[in-house]
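These are my notes on the model, set out as numbered points. Please read them with the structure open.

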Amino acid sequence: MITKFLPSFRFAILAFAGVCFSLSVAGHASANNTPATGTTVTDLKQKMGKNRFWMTMRVLPPETSIADARANGVDGPNRTAKRCLLAYIEKPRFRKKIKLAFILSAEKDKFLVQSGSAEWNLPADAKGSLDLHAGHWTHHFNMKQSKFDEITATMPEEEMGSLLNTLSRNNEGTLDYSSGKFVTIPLKDIAPELDDFKSCVQANHFGNVGEPTSAPAKGKRHLIRMDAPF
């Protein structure tokens, strides 16, 4: 069963995918324009109503310069990444704590679904489940604790492609946790974020999760310092 825990899941430090992200733009680059280990680029960020948004991110290889990262964003020819991320975030206004994070992650030979909340989680060594319902489709994941404030499950490449297809065909979905917690997430008009994630996966040869359905969208990009390396 998923149980309650102290609300330590903070927006300023996004702990998921095995790394802590600091949503701060300053102080992440050296004088030679080479990012610190684990620099992350936010390619797209779309508001989905009050205090909710979808976003895509790339974790850069250590040798990638910031100039290259800027030049090869969502509209660039080379989507260099060590990891590609697609995330849905809910954050109460004027608060640093995240209410909900739902993340899809892709890297070489690994595809993950992850979730975190300030209200519930799995205790250590416990198992739980997460079902995503959207339209006539249901995706089931056997989750385990990966951090105190995060649950994770791996999935095959084919499942990731199927999940992205499901997200693209519906206006909303429901996250159903084995604790009895239900969360509705908006899916309408997230094609740019889905396509951006697919393009990142495709460009870095992480696998085949489906072809982008439209031309790359231009979004506001930010460089994000990561507090802790992999």
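1. Starting just after helix H3, His205 takes a positive phi of about 60°. This is a predicted model, and the backbone value should be read with that in mind. Helix H3 itself covers residues 191-203, and its 13 residues should span 18 Å at 1.5 Å a residue. The end C-alpha atoms of H3 are 18 Å apart, which agrees with that expectation.

2. The buried residues of H3 are Glu193, Leu194, Asp195, Asp196, Phe197, Lys198, Ser199, Cys200 and Val201. Charged residues such as Glu193, Asp195, Asp196 and Lys198 are thus in the buried list alongside Leu194 and Phe197. The cover over the buried part of H3 includes strands E3, E4, E5, E6 (100-107) and E7 (110-117), together with helix H2 (157-168).

3. On the overall make-up, the protein has 3 helices and 13 strands. Of its 230 residues, 50% are buried. Among contacts with a separation of 6 or more, 64% are between residues 24 or more positions apart. The protein exposes about 10,900 Å², with 52% of it supplied by carbon and sulfur atoms.

4. Strand E4 (residues 52-59) has 7 of its 8 residues buried, so the rest of the structure largely encloses it. E4 pairs with strand E3 (residues 40-47) in the antiparallel sense over 7 bridges, and Thr40 has Val59 of E4 as its bridge partner. E4 also pairs with strand E5 (residues 83-90), again antiparallel, over 8 bridges. In that second pairing, Met57 stands opposite Leu85.

5. Two hairpins carry a glycine with positive phi. E3 and E4 form a hairpin with 4 residues between them, and Gly49 in the turn has a positive phi of about 110°. The hairpin of E11 and E12 also has 4 residues between the strands, with Gly180 at a positive phi near 95°. Strands E11 (residues 172-177) and E12 (residues 182-186) run antiparallel and are joined by 5 bridges; the partner of Glu172 in E12 is Pro186.

6. Which residues of the largest nonpolar core touch the most other members? They are Phe102, Leu104 and Ile185, in a core of 38 residues. There is a second, separate core of 10 residues, which includes Phe53, Met57, Ile98 and Ala101. In soluble globular proteins, nonpolar side chains tend to be buried together.

7. Setting aside neighbours within four places in sequence, Leu104 is in contact with Cys84, Leu85, Leu86, Leu112, Val113, Met155, Met160, Leu163, Leu164, Leu167 and Phe197. Phe197 is also one of the buried residues of H3, and Leu85 is the residue opposite Met57.

8. Leu112 lies in strand E7 and counts as buried because its relative accessibility is 10%, the cut-off being under 20%. With the same sequence neighbours left aside, Leu112 is in contact with Ile103, Leu104, Ser105, Thr152, Ala153, Thr154, Met155 and Met160. The C-alpha atoms of Leu112 and Pro156 are separated by 8.7 Å, with these positions 44 residues apart along the chain count.

9. Gln114 is another residue of strand E7. Is Gln114 buried or exposed? At 2% relative accessibility, Gln114 counts as buried. The side chain of Gln114 makes a polar contact with the side chain of Glu150, at 3.5 Å.

Key. Residues numbered from 1 in each chain as written. Predicted model: local features only at pLDDT ≥ 70, side-chain atom pairs only at ≥ 80, totals over all residues. Heavy atoms only, no water. Buried < 20%, exposed > 50% of the residue type's maximum accessible area, 1.4 Å probe, protein only. Pairing = 2+ DSSP bridges. Expected span 1.5 Å × (residues − 1). Contact = heavy atoms within 4.5 Å. Polar contact = N/O pair within 3.5 Å; in protein donor to acceptor, adjacent residues only side chain to side chain. Core = buried A, V, L, I, M, F, W, Y, C linked by side-chain atoms within 4.5 Å. Areas by Shrake-Rupley, 256 points an atom, 1.4 Å probe, with all protein chains shown as cover.
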